[in-house]
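Student: I'd like to learn how to read a two-part fold and the contact between its parts. Can we walk through one together?

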Amino acid sequence: MQERRSNQNRRQETRRALIKAARALFLEKGYAATGTPEVVARAGLTRGALYHHFKDKQALFLAVVEAEAAQIAAEIEAGSADAQTPLAALNDGARAYFAAMRAPGRIRLMLLEGPATLSPETMRRIDLETGGRELRLGIAEALGGAATVGRVDALADLVSAMFDRAALAIEGGADAPLYEATVRDLLAALVGPAPGTR
C-alpha cells in the first residue's frame, strides 16, 4: 500500500513538474514556439515521462490552461470573498480578474492562444468548470429568485466576454481605470442591486 502511494506521489510530482515547466515556457515563448524537448529539459525529465502523462504537446497545453484557469478562479474568489452584496461581489470579482490577468503572459495564454489552440468550445468548458461557474452563481444571486437559468447563462456568457475584451484592451494600452469603471457601470445596469436593497 505504501509503495503504491509512493508511486502515485511520484507520478503526481512528475506531472506537476511537466506542467510547471510547460507553463513557464508557454508564458515566455508562446505555444507554437515551445518544443517538447525544451519542456522536458526545463523539468529535468525525459521525453518518455512527458509522453507517459500527456498524449502530445496540445494535451500538455490543455493541462496548463486548466491549471491556469483554476488559479485565476481562486484569485477571483479570494478577491470577492468579503463583499457585502451580490453586486459588490461581482464588482470585486471583476477587479480581481483584471488584477489576475496582469500576470505576464496570461492574456496571451488564456485569451489568444487558448482559444486558437484548444478551440473556443474547450475554453468555454474550462471556464464553466472554474471562474464561469462562480460568475453564474453571482449573477443568479444578484438577479434574485426571478432569474431563469437561461437568462443567467446568457448574461454570464456576455459578462465573461466583456471581461475578456476589456482585459485585451487594457493589455493593448487602453486606459485601465476607464475600462474597469465602465465594466462596473455595465454590471450595475445588467444586474442592479439585489432585491430589497434598492
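Tutor: Sure. Start with what a contact is: heavy atoms within 4.5 Å. Keep in mind that this is a predicted model. Counting only contacts with a separation of 6 or more, residues 24 or more positions apart account for 67% of them in the protein.

Student: Okay. How many helices and strands does the protein have?

Tutor: Ten helices and zero strands. Read along the sequence, the pattern is simply α-α-α-α-α-α-α-α-α-α.

Student: And what does the C-alpha trace span along its principal axes?

Tutor: About 60 × 45 × 30 Å. As for burial, take under 20% relative accessible area as the cut-off. On that basis, buried residues make up 39% of the 198 residues.

Student: Now the parts. Which domains does the assignment give?

Tutor: Domain 1 covers 1-54 and domain 2 covers 57-191. Taken over C-alpha atoms, their centres are 28 Å apart. Domain 1 puts 17 residues into the contact, and domain 2 puts in 15.

Student: How much area do domain 1 and domain 2 bury between them?

Tutor: Think of buried area as accessible area lost when two parts are put together, summed over both. Here that comes to about 1400 Å², with 67% of it on carbon and sulfur atoms. On the domain 1 side, F26, L27 and Y31 lose the most area to domain 2, and together they make up 47% of what that side buries.

Student: What about charges? Which side chains meet in a salt bridge?

Tutor: For a salt bridge, look for a Lys or Arg side-chain nitrogen within 4 Å of a carboxyl oxygen of Asp or Glu. The count between the two domains is one. R23 and E68 have side chains that meet this way, at 2.6 Å from N to O. Polar contacts can be tallied too: eight residue pairs across the interface of domain 1 and domain 2, both residues at pLDDT 80 or more.

Student: Which helices supply at least two residues each of the domain 1 side that touches domain 2?

Tutor: α1 (2-29) and α2 (36-43). The largest share is from α1, with nine residues.

Student: And how do the residues of that side divide into nonpolar, polar and charged?

Tutor: Ten are nonpolar, three polar and four charged. Set that beside the area figure, where 67% of what the domains bury between them is on carbon and sulfur atoms.

How values were computed:
Residues are numbered from 1 along each chain as its sequence is written. This is a predicted model: local features need pLDDT of at least 70, side-chain atom pairs count only at pLDDT 80 or more; totals for chains, interfaces and linings use all residues. Side-chain values use heavy atoms; hydrogens and water are left out. Domain bounds come from an automatic or database domain assignment. Buried area is the accessible area (1.4 Å probe) that two parts lose on being put together, summed over both. A polar contact is a pair of N or O atoms within 3.5 Å; within protein, one must be able to donate a hydrogen and the other to accept it, and residues adjacent in sequence count only if both atoms are side-chain atoms. Helices (H or I, at least four residues) and strands (E, at least two) are DSSP runs, numbered from the N terminus. Ala, Val, Leu, Ile, Met, Phe, Trp, Tyr, Cys and Pro count as nonpolar, Asp, Glu, Lys and Arg as charged, and the others, Gly among them, as polar. Buried means under 20% relative accessible area, exposed over 50%, partly exposed in between (1.4 Å probe, protein chains only).
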